[in-house]
Amino acid sequence: MKLRTVFMGTPDFSSVIASALEENGFDVVAVVTQPDKEAGRGKKLRPSPVKEWALQRGIDVYQPEKVRNEDFVEVLRSIAPDLIVTAAFGQIVPKSILDMPEYGCVNVHASILPKYRGASPIQQSLFDGEKITGITLQYMDEKIDDGDVILINTLQINDDDNCGTLFDRLALLGAKSIADYAELLKNGKPLGTPQDHSKATYCTKIGKDQGNIDWSSSAQSIVNTVRAMSPSPGAYTYLNGKRIKIITAKARACEHDKSLGALVFDKNSLSVACADGFVDIIQLQPEGKSVQQVKDFLNGNKLLPDMAFERNID
């Protein structure tokens, strides 16, 4: 049985899930995604990855400002989906839509629910130094990431994972989860298991200012910030008033007598003093320049022994 499926999603993560639906026999009859956004210096409108995915396949695309608008709800009702699947869509889906499909509305969420409900589970898991994450498929209700769980697949977070690499790995795990869900559907609509709401945690959308490095923090906390904010929008600090992004770094706990943010360097290495040791810089990006290995940065910049990275107020 091919379920008439409406898919709702926006970023690259979502397009991987959309492809998995197609590959596992779901009849994707329409895609709903966020309106095109301005991008680049020319501020030209850029379609979402999910819109591009759908247009390549001749699938109808809808981009309502708000899916709860009654006009769009009626459009969706006329499509008569058996199933709605969402993944990183970016809007709250109202009850009028949740109650529409026979097989329900299924959300693909990038955490092990009930932990990290909300908008930024991948980034927040890195901020918090988690070792395990995963994909949860759950039936949607009117609360955010609150509904019954269909299945969970877990994934180990590697020490060198950043937001970009973990995003890609979780997208592939999301595709596997869709394949697992397709198998469950062979026996009818799967039952869901209620979440333990007492264990729920929440994460909000990550802002650029959360990448402003606080050198009074622990070395591992700073490295976690770098991982969570890389490759974009980036963790950053200041040297002589100019912003520098820290792209990759390692934590090194030890005692020292340096002031917070102080630079310790030779011709091949650069470390920054923090609360409980040093952050060893591997890659960085000076303002207006491309990403550099630390050795190239040192060759191109004359550093003095009393220099320090600073946490300016943006």
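Here are some short exercises on this structure, each with a worked solution.

The model is predicted: local features need pLDDT of at least 70, side-chain atom pairs count only at pLDDT 80 or more, and totals for chains, interfaces and linings use all residues. Residues are numbered from 1 along each chain as its sequence is written, and side-chain values use heavy atoms, with hydrogens and water left out.

**Exercise 1. Find the order of the strands in the open sheet and say which strands stand at its edges.**

Step 1. Helices (H or I, at least four residues) and strands (E, at least two) are DSSP runs, numbered from the N terminus. Two strands pair if DSSP finds at least two bridges between them.

Step 2. Reading across the open sheet, its seven strands come in the order 5-2-1-6-7-9-10, and the pairing is mixed.

Step 3. The edges belong to strand 5 (60–62) and strand 10 (149–156); each has a single partner strand, so one side of each is left without a neighbour in the sheet.

Step 4. On average, neighbouring strands of this sheet are turned by 20 degrees against each other, direction ignored. Axes here are lines fitted to C-alpha atoms, for helices over the stretch in contact, with angles from 0 to 180 degrees between N-to-C directions.

**Exercise 2. Compare how strand 1 pairs with strand 2 and how strand 9 pairs with strand 10.**

Step 1. Strand 1 and strand 2 run parallel, joined by five bridges. Arg4 stands opposite Asp27 in strand 2.

Step 2. Strand 9 (residues 132–139) pairs with strand 10 in the antiparallel sense, over seven bridges. Here Gly134 has Thr154 in strand 10 as its bridge partner.

Step 3. Now look at burial, where buried means under 20% relative accessible area, exposed over 50%, and partly exposed in between (1.4 Å probe, protein chains only). Five of the six residues of strand 1 are buried, so strand 1 is largely enclosed by the rest of the structure.

**Exercise 3. Describe helix 1: its span, its buried residues and its contact with helix 2.**

Step 1. The expected span of a helix is 1.5 Å times one less than its number of residues. For the twelve residues of helix 1 this gives 16 Å, and the end C-alpha atoms are 17 Å apart, which agrees.

Step 2. The buried residues of helix 1 include Phe13, Ile17 and Leu21.

Step 3. The axes of helix 1 (residues 12–23) and helix 2 (residues 49–56) come within 7 Å and cross at roughly 30 degrees.

Step 4. Contact means heavy atoms within 4.5 Å. In helix 1, Asp12, Ser14, Ser15, Ala18, Ser19 and Glu22 meet Pro49, Val50 and Trp53 of helix 2. These residues divide into four nonpolar, three polar and two charged (Ala, Val, Leu, Ile, Met, Phe, Trp, Tyr, Cys and Pro count as nonpolar, Asp, Glu, Lys and Arg as charged, and the others, Gly among them, as polar).

**Exercise 4. Is Ala110 buried or exposed, and which residues does Ala110 touch?**

Step 1. Find Ala110 in the loop between strand 7 and strand 8 (117–118).

Step 2. Ala110 has a relative accessible area of 8%, so this residue is buried.

Step 3. Leaving out residues up to four places away in sequence, Ala110 touches Phe13, Pro121, Ile122, Thr133, Gly134, Ile135 and Leu170.

Step 4. Ala171 is 61 residues from Ala110 in sequence, yet 8.3 Å away in space, C-alpha to C-alpha.
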